[in-house]
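Work through the following exercises with the sequence and the model at hand. Each task is followed by a solution in steps.

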Amino acid sequence: MHRRGVRIVFSGRRDELSPRMQKRIDEAVTRTAANTNGVLNVCLNYGGRAEIVDAVKKLVADGIDASLIDEAAIASRLYNPDLPDPDLIIRTAGESRVSNFLLWQSAYSEMLVTDTLWPDFDVSDLKAALADYASRVRRFGGRPEEELAEQANVS
């Protein structure tokens with residue numbers, strides 16, 4: 001990954017891993033910190049619910065008043081708050097669930113389910129997934145403009 005210029009980041013409860021594993025993670029993160037050709041987020045000992053719990057614990061530890069807690073306060077305390085939310089999540093093997101993965105970050109992600117098994121997922125599968133994604137209209141929870149215009153004409 002380093003030779004390819006990929007930055008490695010880690011998501012998960014690192015303190016529950018062995019000291020040897022923690023050291024290897026630290027070495028990989030440090031060695032690749034300045035790389036800019038992409039990011040590999042290694043999720044190890046990770047769960048989306050645990051990440052949200054850990055973020056709330058950080059809020060408490062930081063002494064944040066409850067009236068000041070908002071989405072931005074929580075998001076800034078996630079494992080890797082500098083990473084953008086995923087635009088597309090691809091589920092292989094026909095699985096139609098999020099499986100406790102990036103629960104906070106995937107709120108507005110597009111989902112694509114494919115029956116292809118992960119080991120068999122290749123470049124042609126990725127190209128097909130990206131083409132499918134490119135054909136979608138992203139609304140981020142909003143309604144399409146045509147629907148809003150239709151309702152305005154009926155009123």
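**Exercise 1: Fold and overall shape**

Task: State how many helices and strands the chain has, and give the order of its elements.

Solution: The chain of this predicted model holds five helices and four strands. Read from the N terminus, their order is β-α-β-α-α-β-β-α-α.

Task: Compare the radius of gyration of the chain with that of a compact globule of 155 residues.

Solution: The globule would have a radius near 15 Å, whereas the chain has 19 Å. Along the principal axes, the C-alpha atoms fill a box of roughly 65 × 50 × 30 Å. Of the 155 residues, 26% count as buried.

**Exercise 2: Aromatic pairs**

Task: Classify the pair of Tyr 46 and Phe 101, and locate both residues.

Solution: The whole structure contains three aromatic pairs. In this one, the ring centres are 6.0 Å apart and the planes stand at 75°. Planes over 60 degrees apart count as edge-to-face, so the pair is edge-to-face. Tyr 46 lies in the loop between strand 2 (38-43) and helix 2 (48-61), and Phe 101 in the loop between strand 3 (88-91) and strand 4 (110-113); they are 55 residues apart. Tyr 46 is buried at 18% relative accessible area, while Phe 101 is partly exposed at 34%. Together with Tyr 79, both belong to one aromatic cluster.

Task: Is the pair of Trp 118 and Phe 121 stacked or edge-to-face?

Solution: The centres are 6.1 Å apart and the planes are at 20°, so the pair is stacked. Trp 118 is exposed, at 60% relative accessible area, whereas Phe 121 is buried, at 17%.

Terms used. Residues numbered from 1 in each chain as written. Predicted model: local features only at pLDDT ≥ 70, side-chain atom pairs only at ≥ 80, totals over all residues. Heavy atoms only, no water. Helix = DSSP H or I, 4+ residues; strand = E, 2+ residues; numbered from the N terminus. Rg over C-alpha atoms; globule rule 2.2 N^0.38 Å. Buried < 20%, exposed > 50% of the residue type's maximum accessible area, 1.4 Å probe, protein only. Phe/Tyr/Trp six-rings, centres within 6.5 Å; stacked < 30°, edge-to-face > 60°.
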